[in-house]
Amino acid sequence: MYLRASTLRQGQSGLGLEGQRLIAHRFLQPGDRIVSEYIEVESGRKNNRPEMAQAIVETRTLGATLLVAEMSRLARSVYFTSKLMEERVRFKACDIPNADEFTINILAAVAQKGAKDISDSTKRGLSAIADS
């Protein structure tokens with residue numbers, strides 16, 4: 001299972017991570033088990049995430065499925081998501097459990113756009129504060 005918070009503050013509060021953990025555990029079916037838990041405090045727009053890399057290695061080694069609570073926790077990058085699918089890394093997002101590759105690609109694009117919108121809004125806000 002991979003849990004990700006975008007900011008240090010979110011990671012330290014643990015609330016977002018605990019919510020993701022709860023969603024994932026509720027998603028499990030009888031007989032399913034979580035082998036390992038990987039926690040990362042990093043932007044989903046970054047492709048170089050050490051905990052994600054370790055989770056992928058373990059997923060492949062065990063022939064397991066990488067579980068995330070929400071698609072946006074996996075990545076906010078179309079490239080990264082497409083690369084996982086191209087490399088046949090099995091993953092499941094609890095918020096879209098029956099999604100096919102087409103749907104995953106669309107949602108990855110939406111997540112990427114959302115990340116850019118948040119970034120742009122934050123920059124505008126900081127600029128407005130600096131100008132006042």
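**Salt bridges, strands and a surface patch in a predicted model**

Arg88 and Glu101 join their side chains in a salt bridge, with 3.9 Å from N to O. This pair ties together distant parts of the chain, 13 residues apart: Arg88 sits in the loop between helix H5 (78-86) and strand E4 (91-93), whereas Glu101 belongs to helix H6. The two partners can also be described by their accessibility. Arg88 is exposed, at a relative accessible area of 65%, while Glu101 is partly exposed, at 47%. The model described here is a predicted one, and this contact is a friendly place to start looking around it.

The search of the whole structure finds eight salt bridges. Another of them lies in helix H6, where the side chains of Asp120 and Lys116 meet at 2.9 Å, N to O. About one helical turn separates Asp120 from Lys116, because the two are four residues apart in helix H6. Asp120 is partly exposed, with 24% relative accessible area, and Lys116 is likewise partly exposed, with 43%. Elsewhere, Glu18, Arg21 and Glu37 are joined into one network by salt bridges that share partners. A further salt bridge brings together the side chains of Glu42 and Lys46, at 3.1 Å from N to O. Glu42 has a relative accessibility of 21% and counts as partly exposed; since buried means under 20%, the value for Glu42 falls in the partly exposed class. Lys46 is partly exposed as well, with a relative accessible area of 43%.

For the overall layout, the secondary structure of the protein chain comprises six helices and four strands. Read from the N terminus, these elements follow the order β-α-α-β-α-β-α-α-β-α. The protein chain has a radius of gyration of 16 Å, close to the 14 Å given by the globule rule for 132 residues, so it is as compact as a globular protein of that length. Along the principal axes, the C-alpha atoms of the protein chain fill a box of roughly 60 × 30 × 25 Å. Among contacts in the protein chain with a separation of 6 or more, 66% are between residues 24 or more positions apart. Of the 132 residues, 33% count as buried. The accessible surface of the protein chain amounts to about 8200 Å², and carbon and sulfur atoms contribute 54% of that area.

Turning to the strands, E1 (residues 2-5) and E2 pair in the parallel sense over four bridges. Within this pairing, Leu3 stands opposite Ile39 in E2. In a regular strand, side chains alternate between the two faces of the sheet. Strand E2 (residues 38-41) shows such an alternation: Tyr38 and Glu40 point to one face and are buried, whereas Ile39 and Val41 point to the other face and are not buried.

Helix H6 also carries a feature of the surface. Phe102 lies in this helix, which spans residues 101-131, and Phe102 is exposed, with a relative accessible area of 60%. Together with Ile106 and Val110, Phe102 forms a nonpolar patch on the surface, and the three residues have about 310 Å² of accessible area together. For a reader following helix H6 in the structure above, Phe102 of the patch and Glu101 of the salt bridge with Arg88 are both good landmarks.

How values were computed. Residues numbered from 1 in each chain as written. Predicted model: local features only at pLDDT ≥ 70, side-chain atom pairs only at ≥ 80, totals over all residues. Heavy atoms only, no water. Patch = residues over 30% accessible without salt bridge, like charges linked within 9 Å, V, L, I, M, F, W, Y side chains within 5 Å. Areas by Shrake-Rupley, 256 points an atom, 1.4 Å probe, with all protein chains shown as cover. Salt bridge = Lys/Arg side-chain N within 4 Å of Asp/Glu carboxyl O. Buried < 20%, exposed > 50% of the residue type's maximum accessible area, 1.4 Å probe, protein only. Rg over C-alpha atoms; globule rule 2.2 N^0.38 Å. Contact = heavy atoms within 4.5 Å. Pairing = 2+ DSSP bridges.
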